[in-house]
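User: Could you take a close look at one part of this model for me? I would like to follow a single side chain outward into its surroundings, with the cut-offs spelled out.

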Amino acid sequence: MDLHKATFSNAVGKKPLEDSRELQLQDMLVLLLVPHMQEKLAEVYSDVFTVPGSPDIYPYFVEVTHTERTNGFRGFDLLITLHVRPTVGPHIPVGEDVFTYRISSTGVELKNLEHLKGPNKKDFPPNYQDLLK
């Protein structure tokens, strides 16, 4: 999926400025993968947070960074890589994680999860530090 076909422009990063069919399909795929990512992050972060099921993942904090067909043109075995910024409470960022999923006729399979950073207690407002163990 080549996101560079969409209209992009801003100083912070490459964010689409207008809707497209490609962006709509990407957003639908992200929505379908959020429960898979949420479940896995709840496990990964369970020793960090006092609240079960934390952190939260919102689709607008998920970026598709790579897609590929692993078995050629029109092959239905695909890999997708997503960069995720999970949050807790009122959208307090708690880290960054990169997921790679295999999507095929047999379903969705997590191939890799890379925890890049977080959470950092100093980034939490004082009234939310009780969320951390």
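Analyst: Arg102 is partly exposed, with a relative accessible area of 25%; here buried means under 20% relative accessible area, exposed over 50%, and partly exposed in between (1.4 Å probe, protein chains only). Before going further, please keep in mind that this is a predicted model, in which local features need pLDDT of at least 70, side-chain atom pairs count only at pLDDT 80 or more, and totals for chains, interfaces and linings use all residues. Residues are numbered from 1 along each chain as its sequence is written, and side-chain values use heavy atoms, with hydrogens and water left out.

Now to the partners of Arg102. Asp77 forms a salt bridge with Arg102, and their closest N and O atoms are 2.7 Å apart; the term stands for a side-chain nitrogen of Lys or Arg within 4 Å of a carboxyl oxygen of Asp or Glu. Asp77 sits in the loop between strand 1 and strand 2 while Arg102 belongs to strand 5, so the pair ties together parts that are 25 residues apart in sequence. Helices (H or I, at least four residues) and strands (E, at least two) are DSSP runs, numbered from the N terminus. Asp77 counts as buried, at 14% relative accessibility.

Arg102 also forms a salt bridge with Glu109, where the closest N and O atoms are 3.6 Å apart. Glu109 is partly exposed, with a relative accessible area of 34%. Glu109 in turn meets the side chain of Lys111 in a salt bridge (3.7 Å, N to O), and Lys111 is partly exposed at 47%. Through shared partners, these salt bridges join Asp77, Arg102, Glu109 and Lys111 into one network. The whole structure has five salt bridges.

Next comes the strand that carries Arg102. Seven of the nine residues of strand 5 are buried, so this strand is largely enclosed by the rest of the structure. Strand 5 takes part in an open sheet of four strands, ordered 1-2-5-6 with antiparallel pairing; two strands pair if DSSP finds at least two bridges between them. Strand 1 and strand 6 (107-117) stand at the edges with a single partner strand each, so one side of each has no neighbour in the sheet. From one strand to the next, the twist averages 15 degrees.

On one side, strand 5 pairs with strand 2 over seven bridges in the antiparallel sense, and Thr81 stands opposite Thr100 there. Strand 5 is joined to strand 6 by nine bridges, again antiparallel, with His115 as the bridge partner of Asp97. Two residues separate strand 5 from strand 6 in their hairpin. Further along the sheet, seven bridges join strand 1 to strand 2, and Glu63 stands opposite His83.

Helix 1 lies across strand 1, strand 2, strand 5 and strand 6, at about 120 degrees to strand 5; axes are lines fitted to C-alpha atoms, for helices over the stretch in contact (heavy atoms within 4.5 Å), and angles run from 0 to 180 degrees between N-to-C directions.

Finally, there is the largest nonpolar core, where Met37, Phe49 and Leu82 touch the most other members among 21 residues. Such a core is a set of buried Ala, Val, Leu, Ile, Met, Phe, Trp, Tyr and Cys residues joined through side-chain atoms within 4.5 Å. Helix 1 (21-44), strand 1 (62-69), strand 2 (78-84) and strand 5 (96-104) each supply at least two residues of this core, with helix 1 giving the most, five residues.
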